[in-house]
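Thanks for making time this morning. I would like to walk through one model with you, taking the ligands in turn and then the way some of the helices pack.

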Amino acid sequence: MTIRWKYLAILVIVAPLLGFGFAWSGLMSVRASTGHWAATDWFLHWVMGNSVRTAALSVDAPPLDNPALVPPAAGHFETGCAICHGSPSQARSAAVLAMLPPPPDLKTVVPTWSDAQLFEIVKHGVRFTGMPAWPAQMRDDEVWDMVAFLRKLPDMDSDAYLRASGLHGIGKAGEVSPLPITCESCHSERRLEAASVIPRLAGQSEAYLLNSLRAYAHGERASGIMQVAVGTLPEESLPELAAYYAKQARPQRPALPADAQLTEKGREIAEKGRAADKIPACLSCHEKPGGNPAYPRISGQSAPYLERQLRLFHAGVRGGSSFSHLMTEAAKNLKEDDFAVLAAFFASRENGGP
Ligand code: HEC
Ligand code: HEC
Ligand code: HEC
């Protein structure tokens with residue numbers, strides 16, 4: 001018995017040393033060109049699948065069958081994902097097919113995963129493969145938008161994809177302009193509807209637009225979508241973009257139908273606040289004649305966008321300009337029922353603001 005223990009001890013010490021020696025010798029190939037053995041390939045994908053399935057057990061998927069979730073994710077897919085995975089309008093390039101493992105064509109693999117599993121992959125990425133994590137880890141709402149888009153992807157032809165992503169600009173009737181994804185692909189007033197989760201920029205305060213663009217560029221406001229959209233722009237172009245949108249007239253747009261009682265409750269908080277919960281009157285800062293231009297115009301914004309932002313402020317993860325702590329404080333004590341009523345009220349208030 002004692003002798004066996006001795007052998008075992010030697011094995012435990014020697015085996016790692018041998019492995020370490022092999023790694024040190026340089027004989028272990030890291031070449032992607034030679035590929036994996038079929039067994040290694042199978043094993044790695046098996047490990048990845050198991051890991052994703054287990055992690056997804058604790059994830060509850062929200063309802064995703066809302067067409068308004070698709071456009072921001074489709075536009076982001078074109079800039080952040082299609083370079084590796086290809087898209088309905090562009091095949092994968094020879095360069096990415098030489099990656100190890102090559103990024104799969106998502107049209108064919110998406111149906112093999114559940115919503116929660118796709119969420120897990122898109123949020124956290126896959127180690128050792130080149131599949132990146134979502135750039136803003138606290139923005140689960142954006143990751144779910146991407147899952148909603150991925151679900152639609154297998155049935156999308158090139159036309160549907162161009163329409164969803166705004167890839168070819170939004171020309172007047174029938175006009176196609178071969179542009180890459182631009183600000184207008186997502187923010188054009190012609191594209192935005194009352195249910196959009198993308199904010200309207202036309203007629204917003206210039207100071208606020210500029211502060212927001214800088215906050216995204218410097219990582220002080222978390223959004224995987226917007227951080228990628230402004231990440232590569234030169235700092236000098238931000239004031240021009242802010243001025244461009246501030247000057248645009250904002251067309252009238254009816255809000256989503258909301259119950260009058262809801263909007264009335266929202267008005268109550270907006271005008272008077274709620275002293276019992278230390279919630280200030282929203283209109284004591286927002287859209288006050290002669291007020292600080294760094295406080296944004298929120299009337300006429302879409303209800304789903306407003307509600308998301310309020311929830312982010314309430315959770316303390318919205319970030320933003322150097323004034324954003326004021327809003328975090330204002331949203332801190334909001335209750336679950338308040339988000340929808342405030343969003344409904346401000347969305348219905350088309351002509352508010354100075
Ligand atoms: C730099 C290249 C790269 C980028 C950019 C990239 N991916 Fe991937 N992705 C990969 C690779 C490589 C894999 C394969 C991982 C594996 O086989 O384990 C992968 C796997 C996936 C999978 C799992 C598919 C499967 O069955 O293996 C999904 C879903 C996915 N990516 C979605 C996305 C989305 C959405 C984006 C954009 C937000 C994105 N990817 C951006 C490289 C990339
Ligand atoms: C792929 C779609 C997409 C593209 C492209 C895009 N945006 Fe955005 N933008 C969004 C979304 C979604 C949000 C909301 C992000 C958040 O929750 O913080 C947003 C937010 C913003 C905001 C903050 C608005 C507010 O009310 O707080 C500004 C300013 C902005 N975008 C400007 C731009 C500019 C300028 C460009 C072009 C350089 C651009 N965006 C490109 C989707 C996009
Ligand atoms: C003390 C001043 C103050 C009060 C009170 C206040 N806000 Fe704000 N709010 C701000 C500031 C400042 C910002 C912009 C933060 C930034 O620059 O990133 C903001 C941003 C917002 C935004 C995000 C807009 C966008 O386009 O992303 C929403 C929505 C909002 N406020 C709603 C409300 C509501 C609803 C109330 C009332 C419950 C309220 N605010 C009360 C100062 C205030």
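Let me begin with the surroundings of ligand 3, where the residues of the shell divide into 18 nonpolar, six polar and two charged. Before going further, please keep in mind that this is a predicted model, and that the distances I quote come from its coordinates.

In total, 26 residues surround ligand 3, and the closest of them are Cys282, Cys285, His286, Ser321 and Met327. Ser321 also appears among the polar contacts, since an N or O atom of its side chain is 2.5 Å from an oxygen atom of ligand 3. The side chain of Tyr305 has an N or O atom 2.6 Å from an oxygen atom of ligand 3, and a polar side-chain atom of Tyr208 lies 3.1 Å from an oxygen atom of that ligand. Which elements supply this shell? At least two residues come from each of α15, α16 (324–331) and α17, and the largest share, five residues, comes from α15.

Tyr208 takes us on to ligand 2, because I would like you to see that residue in its second setting. An N or O atom in the side chain of Tyr208 is 2.5 Å from an oxygen atom of ligand 2, and Tyr208 is listed with Cys183, Cys186, His187 and Met226 as the closest of the 24 residues that surround ligand 2. There are further polar contacts here: an oxygen atom of ligand 2 is 2.8 Å from an N or O atom in the side chain of Arg221, and an oxygen atom of the ligand is 2.9 Å from an N or O atom in the side chain of Gln309. The elements that give two or more residues to this shell are α3 (70–80), α10 (183–187), α11 (206–217), α12 (224–231) and α15 (303–314), and α11 gives the most, with four residues. By class, the shell around ligand 2 has 16 nonpolar, six polar and two charged residues.

Where does ligand 2 sit with respect to the domains? The domain assignment of the chain gives domain 1 (56–165) and domain 2 (199–354), and both of them give residues to the shell around ligand 2, so this ligand lies between them. The two domains also touch directly, with twelve residues of domain 1 in contact with ten residues of domain 2, while their centres, taken over C-alpha atoms, are separated by 28 Å.

That leaves ligand 1, which has 22 residues around it, of which Cys81, Cys84, His85, Trp113 and Met131 come nearest. His85 places a polar side-chain atom 2.8 Å from a nitrogen atom of ligand 1, whereas the side chain of Trp113 has an N or O atom 2.9 Å from an oxygen atom of the ligand. For His45, the corresponding distance from a side-chain N or O atom to an oxygen atom of ligand 1 is 3.5 Å. The shell draws at least two residues from each of α2 (38–56), α4 (82–85), α6 (106–109) and α7 (115–124), with α7 giving the most, three residues. In its make-up, the shell around ligand 1 has 17 nonpolar, five polar and no charged residues.

Let me finish with helix packing, taking up two elements we have already met.

α17, which contributes to the shell around ligand 3, also packs against another helix: the axes of α14 (residues 260–272) and α17 (residues 336–348) come within 7 Å and cross at roughly 90 degrees. That makes α14 roughly perpendicular to α17. The contact of α14 with α17 has eight nonpolar, three polar and three charged residues, including Leu262, Lys265 and Arg267 from α14, which meet a set in α17 that includes Asp338, Phe345 and Phe346.

α3, which contributes to the shell around ligand 2, packs with helix α9 (residues 158–165), and here the axes come within 7 Å and cross at roughly 105 degrees. That makes α3 roughly perpendicular to α9. The residues of this contact divide into six nonpolar, two polar and one charged, with Val70, Pro71, Ala74, Gly75, Phe77 and Glu78 of α3 meeting Tyr161, Ala164 and Ser165 of α9.

Definitions and conventions. Residues are numbered from 1 along each chain as its sequence is written. Chains are lettered from A and ligands numbered from 1 in the order in which they are written. This is a predicted model: local features need pLDDT of at least 70, side-chain atom pairs count only at pLDDT 80 or more; totals for chains, interfaces and linings use all residues. Side-chain values use heavy atoms; hydrogens and water are left out. Axes are lines fitted to C-alpha atoms, for helices over the stretch in contact, and angles run from 0 to 180 degrees between N-to-C directions. Angles under 35 degrees count as roughly parallel, over 145 as roughly antiparallel, 65 to 115 as roughly perpendicular and the rest as oblique. Contact means heavy atoms within 4.5 Å. Ala, Val, Leu, Ile, Met, Phe, Trp, Tyr, Cys and Pro count as nonpolar, Asp, Glu, Lys and Arg as charged, and the others, Gly among them, as polar. A residue is near a molecule or strand if one of its heavy atoms lies within 4 Å of it. A polar contact is a pair of N or O atoms within 3.5 Å; within protein, one must be able to donate a hydrogen and the other to accept it, and residues adjacent in sequence count only if both atoms are side-chain atoms. Domain bounds come from an automatic or database domain assignment.
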